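Keep the sequence and the model side by side. The walk below starts from the aromatic residues and moves outward from there.

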Amino acid sequence: MLTPTSPTLADGTRIDDLVNLATREVQMRVLSDPEIYELEMERIFGRIWVFLGHESEVPNAGDFVTRDMGSDSVLITRDNSGEVHVMLNMCTHRGMRVTTLDAGNTQIHTCIYHGWAFRPNGDFLGAPVDKEQMHGKLMSKKELGLKRARVTLYGGLIFATWNIDGPSFEEFLGDAKWYFDMLFLRSDKGLEVLGPPQRFTVRANWKAAGEQSAADGYHTLTLHRWLGEVGNYKKDDGGAADLSQEMYGAEVSSPHGHALRCIDLARKIRRLTGKEPNDLSLEEKLLALPPPGMTPEMVPQLKKHLSDGQLQVLTWMPPQVGGIFPNVLFGFVYIPQADGSVLGSITLHAYVPRGPDKLEFVNWILAEKDAPQELREKMRKQTTRLFGTSGMVEQDDSDTWPHMTLAAKGAQGKKMTLKYQAVYETGKPAGWPGPGIVNEGFTKDDTQWNWWLYWRQLMNGEL
């Protein structure tokens with residue numbers, strides 16, 4: 001039997017043996033094994049910081065939404081003081097879910113089973129027929145409150161962990177925070193969601209999607225090749241574009257599994273201005289091609305919130321796609337338009353585990369709070385068409401993950417391996433100002449391999 005502290009599975013296989021450090025291989029059984037899945041719920045989703053949503057989803061006192069931290073349903077609320085809370089969606093009386101709704105507004109959360117009531121901050125208020133004290137006398141009301149998670153708001157993003165005394169959120173992000181700040185802490189008012197997230201179920205293991213989110217750019221050339229044939233990246237004359245050019249830039253790896261693909265903007269800037277990027281000032285480049293979701297009028301805000309080094313990267317090779325470990329994909333993408341202009345797209349995906357062979361795909365579309373309404377609407381429509389739950393890009397991706405999961409169940413298939421053997425040998429671009437593990441050139445496997453190394457570390461009980 002698997003015990004909470006054991007690094008050995010029931011058949012005698014050690015967690016260490018699932019990841020071959022010498023050959024950079026991962027056994028396929030990790031995408032199907034129920035025992036591994038249960039261990040992940042405890043050692044990964046039960047211990048590290050997990051992304052749950054955006055605070056603009058609960059803007060008012062009493063607002064709430066329900067989400068999942070691994071295999072546990074949680075309640076995200078905002079109380080009367082404006083504080084956001086994350087609590088286990090389980091009544092402390094008999095284990096009924098406190099709410100079965102996706103979202104709503106209330107000052108009192110009342111369990112439908114026996115009527116136990118809780119405040120938005122999780123405090124226990126009482127049970128029906130107060131004079132009978134149906135909550136008993138063995139525990140105080142303070143002890144009967146909902147189980148609370150530790151919460152951090154980062155640029156409006158809601159992260160929570162059950163590890164109350166564990167590493168801080170800043171420690172969890174590490175050097176990757178320098179790059180994420182360029183996306184989430186860049187403006188005066190910040191980002192907000194454009195409506196509730198879209199959701200659908202995929203018959204696949206969550207890691208098939210999670211490891212792809214660790215900046216796998218290589219699959220774009222084959223799985224998404226239509227982007228260069230009939231999509232937004234095709235040539236002006238209607239011919240097929242060479243998508244391999246989009247695979248060059250810099251990639252940032254993290255010891256904690258976070259990943260960023262920083263794609264060179266030189267071709268887009270030349271197309272928009274008719275000039276070489278090196279002949280333009282930093283401000284001229286920002287005005288010609290503002291970050292996704294921003295207008296030229298908003299560019300001065302960037303200088304207030306970002307360092308000179310961050311601004312340099314933002315106009316050179318900005319982070320456009322990547323992931324936050326364990327199950328988040330972000331996209332801050334510049335999408336070419338038919339009229340020669342560029343429209344930004346901002347999306348966040350979470351791949352929520354629903355079992356060894358099932359995940360829930362959750363997609364948020366975001367925009368700057370003070371962006372013009374016309375721009376917000378254009379972004380919403382384009383992002384939905386490309387990266388929404390019925391989007392053309394996501395239809396491609398969500399087709400591969402079930403096949404990988406099914407293959408991992410086979411008697412022979414589970415013995416095969418995932419391979420991450422294309423290794424960078426370059427290092428940082430000359431003059432690169434950012435920290436971390438950075439490599440230049442054509443996309444490689446380093447970011448995904450570091451994702452698996454952190455997975456292995458956590459599964460072995462290390463933080």
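This is a predicted model. Begin with the aromatic rings. The count comes to 28 aromatic pairs. One of them joins F51 and W364. Their ring centres are 5.0 Å apart, and the planes meet at 70°. That angle makes the pair edge-to-face, because the label applies to planes over 60 degrees apart.

Why does the pair between F51 and W364 tie together distant parts of the sequence? F51 sits in strand β3, residues 50-54. W364 sits in strand β20, residues 358-368. The pair therefore ties together parts that are 313 residues apart in sequence. Both partners are covered. F51 has 5% relative accessibility and counts as buried. W364 has 3% and counts as buried too.

Now widen the view. F51 and W364 belong to a cluster linked by ring pairs. Its other members are W49, Y154, F159, F169, F172, F180, F184, F330 and F332.

Nonpolar packing comes next. In soluble globular proteins, nonpolar side chains tend to be buried together. Here the largest nonpolar core holds 104 residues. Which of its residues touch the most other members? They are V30, V86, F180, F184, L348 and W455. F180 and F184 are also part of the ring cluster.

Follow L348 outward. Neighbours within four places in sequence are left aside here. L348 is then in contact with F51 and W364, the two partners of the edge-to-face pair. L348 also contacts L157, F184, V328, L329, F330, V362, N363 and L366. A second, separate core has twelve residues, including C91, C111, F124 and L146.

F180 and F184 lead to helix α4, which spans residues 177-184. This helix is mostly covered: seven of its eight residues are buried. The buried ones are W178, Y179, F180, D181, M182, L183 and F184.

Y154, another ring-cluster member, leads to a hairpin. Strands β11 and β12 form it, with two residues between them. β11 covers residues 150-154, and β12 covers residues 157-161. Five bridges join the two strands, which run antiparallel. Y154 has L157 in β12 as its bridge partner. In the turn, G155 has a positive phi of about 55°.

Turn to a small sheet. Strands of a sheet pair through backbone hydrogen bonds, either parallel or antiparallel. In this case three strands form an open sheet in the order β8-β9-β10, with antiparallel pairing. The edge strands are β8 (109-110) and β10 (124-126), each pairing on one side only. Two bridges join β8 to β9, residues 117-118. In one of the pairings, T110 has A117 of β9 as its bridge partner.

W116 lies in the loop between β8 and β9. Is W116 buried or exposed? Its relative accessible area is 4%, so W116 is buried. In space, W116 and C91 are 7.5 Å apart, C-alpha to C-alpha. In sequence they are 25 residues apart.

C91 raises the matter of cysteine pairing. The model has zero disulfides. For C111, the nearest cysteine sulfur is that of C91, 4.0 Å away. A disulfide needs sulfur atoms within 2.5 Å, so C111 is in none. C111 is buried, with a relative accessible area of 4%. C262 is buried as well, at 1%.

A few backbone details deserve a stop. A cis peptide bond joins F325 and P326, with omega about 5°. P326 is in the loop between β17 (319-324) and β18 (328-336). V129 is not a glycine, yet its phi is positive, about 60°. V129 lies in the loop between β10 and β11. A215 is another non-glycine residue with a positive phi, near 65°. Its loop runs between α5 (206-213) and α6 (220-223). A215 is buried, with a relative accessible area of 2%.

Finish at helix α13, residues 392-407. At 1.5 Å a residue, its 16 residues should span 22 Å. The end C-alpha atoms are 24 Å apart, which agrees. The buried residues of α13 include polar and charged names as well as W401: V393, E394, D396, D397, S398, P402 and T405 are also on the list.

Notes. Residues are numbered from 1 along each chain as its sequence is written. This is a predicted model: local features need pLDDT of at least 70, side-chain atom pairs count only at pLDDT 80 or more; totals for chains, interfaces and linings use all residues. Side-chain values use heavy atoms; hydrogens and water are left out. Rings of Phe, Tyr and Trp (its six-membered ring) pair if their centres lie within 6.5 Å; planes under 30 degrees apart count as stacked, over 60 as edge-to-face and the rest as tilted. Helices (H or I, at least four residues) and strands (E, at least two) are DSSP runs, numbered from the N terminus. Buried means under 20% relative accessible area, exposed over 50%, partly exposed in between (1.4 Å probe, protein chains only). A nonpolar core is a set of buried Ala, Val, Leu, Ile, Met, Phe, Trp, Tyr and Cys residues joined through side-chain atoms within 4.5 Å. Contact means heavy atoms within 4.5 Å. Two strands pair if DSSP finds at least two bridges between them. The expected span of a helix is 1.5 Å times one less than its number of residues.
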